[in-house]
Amino acid sequence: MAKIETPRPVRGTQDMLGGTAEAFAERFAHVVATFDRVRKLYGFQRVEVPVFESTAVFARSLGESTDVVSKEMYTFTDRGGDSITLRPEFTAGISRAYITEGWQQFAPLKVATHGPLFRYERPQKGRFRQFHQLDAEILGAGEPGADVELLVLADQLLKELGVSDGVTLNLNTLGDGPSRDAWRAALIAHFEAHKDQLSEDSVERLAKNPLRILDSKDPRDRPVADSAPDIDAYLTDEARSFFEKVTSGLDAAGVAWERNARLVRGLDYYRHTAFEFITDRLGAQGTVLGGGRYDGLIENLGGPSTPAVGWAAGIERLAMLIDMPAIDKPTVVLIPMGEAAETKATGIIADLRRAGVACDMGYRGNMKKRMQRANASGAAWAIILGDDELAKGEAAVRNLGTGEQQAVRLDALIGTVTAL
């Protein structure tokens, strides 16, 4: 008979198993649990949006000229003939829901979510084709205080995860509409004058998305990008005042930041604050959390003019930076010997779990093997149940640390163990 070939996992995806010393799943779960705890302190409510959307949601929000839309999206035609895309990020779907579900009535709306996203790109350290992000957004708030609140939330999250050492908040302003337009015109003039020194990619960007040349990684582009004008000379008084309120808010909250005048967002709907928390511990993939204000996006999707600001953070990247959290261990292991004991133990373990006690049960092997597994599990106690114990109406409760053992009546077992 021919050997059945097992399908391999798709490149850029990963399987995670918890409960082992090197288990990535434990780190992953710790990042998510910490995020859920911290976002509640700030009053961000949990939101869920679909894993796939109409392709237009992402084409309009990310821009047809971006690499994500032109090269990286998982897009397919469904049976109804509609173009569907697996979400490459959260903001577009949340913005679409804000319009279609009537969430404007709750503005300003503070929401948070986490889950899988999909991009077809070359897998590398901390980057996968199915990856996961944390996401926090404030929709319907045009005040600089919203930007500050999101940045303080991000800072606290990184501190509580224990990854803030070696992480720097880079901050920039993209100004308001008039500031950005004037700066964009000055950048185009500068890049046009030095077009012959730019890489092919940046010459292409010059026509579609000139701000992106500023953060080009191509060494050929750096001299021209580094000599380009900063936005500061083009800021309106309103835009300058907005940025000052953001930075003074961060100072008041004790959040350290550095100005990075080369930090940009290429799409026209981005306004004012742009930021990235950058680490020196992940090689070239240095951004662990990033975001900004996107006051024009909801309008781009056909909604009313709505200010909004948000950020996203890669769960895998954060998980790579944190120390291994303590692995959950059972408190009690039940060791039944014989069929009658197994039946009785099934009732006991159900009652203990309902009482909030983490338990496990040894099903196989002789007494010695089961005790070895109980010790290896890290449990504090073992409940041993055999024919002799059943005949007496009791169980043997052993302290796995000291080896001391006591007989406990079955009708008092749950109370005794929960008290232990």
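Which strand does Ile84 lie in? Select Ile84 and you land in strand β4, residues 83-86. Helices and strands here are DSSP runs, numbered from the N terminus, with at least four residues (H or I) for a helix and at least two (E) for a strand.

Before moving on, some ground rules. This is a predicted model, where local features need pLDDT of at least 70 and side-chain atom pairs count only at pLDDT 80 or more, while totals for chains, interfaces and linings use all residues. Residues are numbered from 1 along each chain as its sequence is written, and side-chain values use heavy atoms, with hydrogens and water left out.

**Stop 1: Ile84**

Stay on Ile84 for a moment: with 11% relative accessibility, Ile84 counts as buried. Buried means under 20% relative accessible area, exposed means over 50%, and partly exposed is in between (1.4 Å probe, protein chains only). Now add Gly177 to the selection and draw a C-alpha to C-alpha distance: the two are 93 residues apart in sequence and 32 Å apart in space.

**Stop 2: the domains**

Zoom out and colour by domain. Domain 1 covers 24-176 + 236-321, and domain 2 covers 332-419; the bounds come from an automatic or database domain assignment. Taken over C-alpha atoms, the centres of domain 1 and domain 2 are 49 Å apart.

**Stop 3: salt bridges**

How many salt bridges does the structure hold? There are 17, each being a side-chain nitrogen of Lys or Arg within 4 Å of a carboxyl oxygen of Asp or Glu.

Pick Arg96 and Glu53, whose side chains meet in a salt bridge at 2.9 Å, N to O. Arg96 sits in helix α4 (residues 91-100) and Glu53 in strand β2 (residues 52-54), so this pair ties together parts that are 43 residues apart in sequence. Both Arg96 and Glu53 are buried.

Next, go to Asp295 and Arg293, another salt bridge, with the closest N and O atoms 2.9 Å apart. Arg293 is buried, at 0% relative accessibility.

For a pair within one helix, select Arg354 and Asp351, where the closest N and O atoms of the salt bridge are 3.2 Å apart. The two are three residues apart in helix α12 (residues 339-354), which means about one helical turn separates them. Arg354 is exposed, with a relative accessible area of 68%, whereas Asp351 is partly exposed at 37%. Then add Glu101 to your Arg96 and Glu53 selection: salt bridges that share partners join Glu53, Arg96 and Glu101 into one network.

**Stop 4: backbone checks**

Jump to Pro108, in the loop between α4 and β5 (109-118). The peptide bond from Ala107 to Pro108 is cis, with omega near -5 degrees.

Then try His272, in strand β9 (residues 271-279). Phi of His272 is positive, near 55 degrees, in a residue other than glycine. Is His272 buried or exposed? His272 is buried, with a relative accessible area of 10%.

**Stop 5: a charged patch**

Finish on the surface with Arg364, Lys368, Lys369 and Arg373, which gather in a patch of positive charge. A patch is made of residues with over 30% relative accessible area and no salt bridge, with like charges joined within 9 Å and nonpolar side chains (Val, Leu, Ile, Met, Phe, Trp, Tyr) within 5 Å. Centre on Arg364, in the loop between β13 (359-361) and α13 (367-376). Arg364 is exposed, with a relative accessible area of 64%.

Technical notes:
Areas by Shrake-Rupley, 256 points an atom, 1.4 Å probe, with all protein chains shown as cover. Lys, Arg positive; Asp, Glu negative; His and termini not counted. Charge placed at Lys NZ, Arg CZ, Asp CG, Glu CD.
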